[in-house]
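Work through the exercises below with the model open beside you. Try each task before reading its solution.

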Amino acid sequence: MLGGCQRQDALSPSVDLEASLTADELMHLVLEPAADVLWDSAGWVMTIEGETSLVPTTEEEWLVVENAAGVIIASGDLLKIPHASEERGEPWFTYSDQLSEQGRIAREAILNRDGDALFQAGASLYQSCVQCHNDYWVTEP
């Protein structure tokens, strides 16, 4: 009787997933805002008045950045769904994996409340983004 109550795996490998957003929409509406939260939460700003740290100081601020890191991790996976990745070639999957990995590294820094490691993770994330954009950025004629 309990066998009939077992949940079917909704995301089995045989299921073809389709993205609700195009890759460009995912970048602009989901990934970019999350990356901006991460980048705006690491490092320092120098002004004439002195240095100001951007590192979170409260649990609520750390949670916001952790949520952004989670979005970055998931975005790398979403960019590999056929609708987002079709006709992009192998480098696309490597960049998507790098994106998720950079998000995981950032999240680890966040969980450790390590502002320096978060800064380094943000720099690595930026480099991964630039590499991908160099290959895939579409410019208007």
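**Exercise 1. The lining of the open space**

Task: Find which helix gives the largest share of the lining of the largest pocket, and describe that lining.

Solution. This is a predicted model.
Step 1. Helix 1 gives the largest share of the lining, with 8 residues.
Step 2. Place that share in the whole. The largest pocket has 16 lining residues. Helix 1 and helix 5 each supply at least two of them.
Step 3. Look towards the centre. Asp24, Met27, His28, His133 and Trp137 are the lining residues nearest the centre of the largest pocket.
Step 4. Sort the lining by class. The largest pocket has 10 nonpolar, 2 polar and 4 charged lining residues.
Step 5. Add the volume. The largest pocket holds about 400 Å³ of space.

**Exercise 2. The closed space**

Task: State how many cavities of 30 Å³ or more the structure has, and determine which residues line the largest cavity.

Solution.
Step 1. Searching the whole structure gives 1 cavity of 30 Å³ or more. The volume of the largest cavity is about 120 Å³.
Step 2. List the lining. Met27, Leu31, Leu79, Trp92, Tyr95, Ser96, Leu99, Ser128, Cys129, Cys132 and His133 surround the largest cavity.
Step 3. Assign helices. Helix 1, helix 4 and helix 5 each contribute at least two lining residues.
Step 4. Sort by class. The lining of the largest cavity counts 8 nonpolar and 3 polar residues, with no charged ones.
Step 5. Cross-check with the pocket. Met27 and His133 are in the lining of the largest cavity. Met27 and His133 are also among the residues nearest the centre of the largest pocket.

**Exercise 3. Helix 4**

Task: Compare the span of helix 4 with its expected span, then say which elements cover its buried residues.

Solution.
Step 1. Helix 4 covers residues 90-111, which is 22 residues.
Step 2. From first C-alpha to last, helix 4 reaches 32 Å. That is close to the 32 Å expected at 1.5 Å a residue.
Step 3. Mark the buried positions. These are Trp92, Tyr95, Ser96, Leu99, Ser100, Gln102, Gly103, Ala106, Ala109 and Ile110.
Step 4. Find the cover. It includes helix 1 (23-39), helix 2 (59-78), helix 3 (82-85) and helix 5 (115-136).
Step 5. Link back to the cavity. Trp92, Tyr95, Ser96 and Leu99 of the buried set also line the largest cavity.
Step 6. Move past the end of the helix. Arg113 comes just after helix 4 and has a positive phi of about 55 degrees. Arg113 has this phi although it is not a glycine. Arg113 sits in the loop between helix 4 and helix 5. Its relative accessible area is 33%, so Arg113 is partly exposed.

**Exercise 4. Two positions in helix 2**

Task: Are Ser75 and Ile72 buried or exposed, and what does each touch?

Solution.
Step 1. Locate them. Ser75 is in helix 2, and so is Ile72.
Step 2. Apply the 20% cut-off for burial. Ser75 has 1% relative accessibility, so Ser75 is buried. Ile72 has a relative accessible area of 0%, so Ile72 is buried.
Step 3. List contacts, leaving out residues up to four places away in sequence. Ser75 touches Leu26, Val30, Leu31 and Leu99. Ile72 touches Leu31, Ala34, Ala35, Leu38, Leu99, Ser100, Gly103 and Leu125.
Step 4. Check one backbone distance. The C-alpha atoms of Ile72 and Gly103 are 5.3 Å apart, with these positions 31 residues apart along the chain.**Exercise 5. The strand pair and the whole chain**

Task: Which way do strand 1 and strand 2 run, and how many bridges join them?

Solution.
Step 1. Strand 1 (residues 44-47) and strand 2 (residues 50-53) run antiparallel, joined by 4 bridges.
Step 2. Identify partners. Val45 is opposite Thr52. Met46 has Glu51 as its bridge partner.
Step 3. Trace the connection. A hairpin of 2 residues links strand 1 to strand 2.
Step 4. Set the pair in the chain. There are 5 helices and 2 strands. Their order from the N terminus is α-β-β-α-α-α-α.
Step 5. Finish with totals. Of the 141 residues in the chain, 33% are buried. Among contacts with a separation of 6 or more, 65% join residues 24 or more positions apart.

Terms used. Residues are numbered from 1 along each chain as its sequence is written. This is a predicted model: local features need pLDDT of at least 70, side-chain atom pairs count only at pLDDT 80 or more; totals for chains, interfaces and linings use all residues. Side-chain values use heavy atoms; hydrogens and water are left out. The expected span of a helix is 1.5 Å times one less than its number of residues. Buried means under 20% relative accessible area, exposed over 50%, partly exposed in between (1.4 Å probe, protein chains only). Contact means heavy atoms within 4.5 Å. On a 1 Å grid over the protein atoms alone, a cavity is a set of points where a 1.4 Å probe fits but cannot get out, and a pocket is an open set with protein on both sides within 12 Å along at least five of seven lines; lining residues have an atom within 4 Å of a point. Grid points are joined across faces, edges and corners, and a volume is the space filled by probe spheres set on the points. Ala, Val, Leu, Ile, Met, Phe, Trp, Tyr, Cys and Pro count as nonpolar, Asp, Glu, Lys and Arg as charged, and the others, Gly among them, as polar. Two strands pair if DSSP finds at least two bridges between them.
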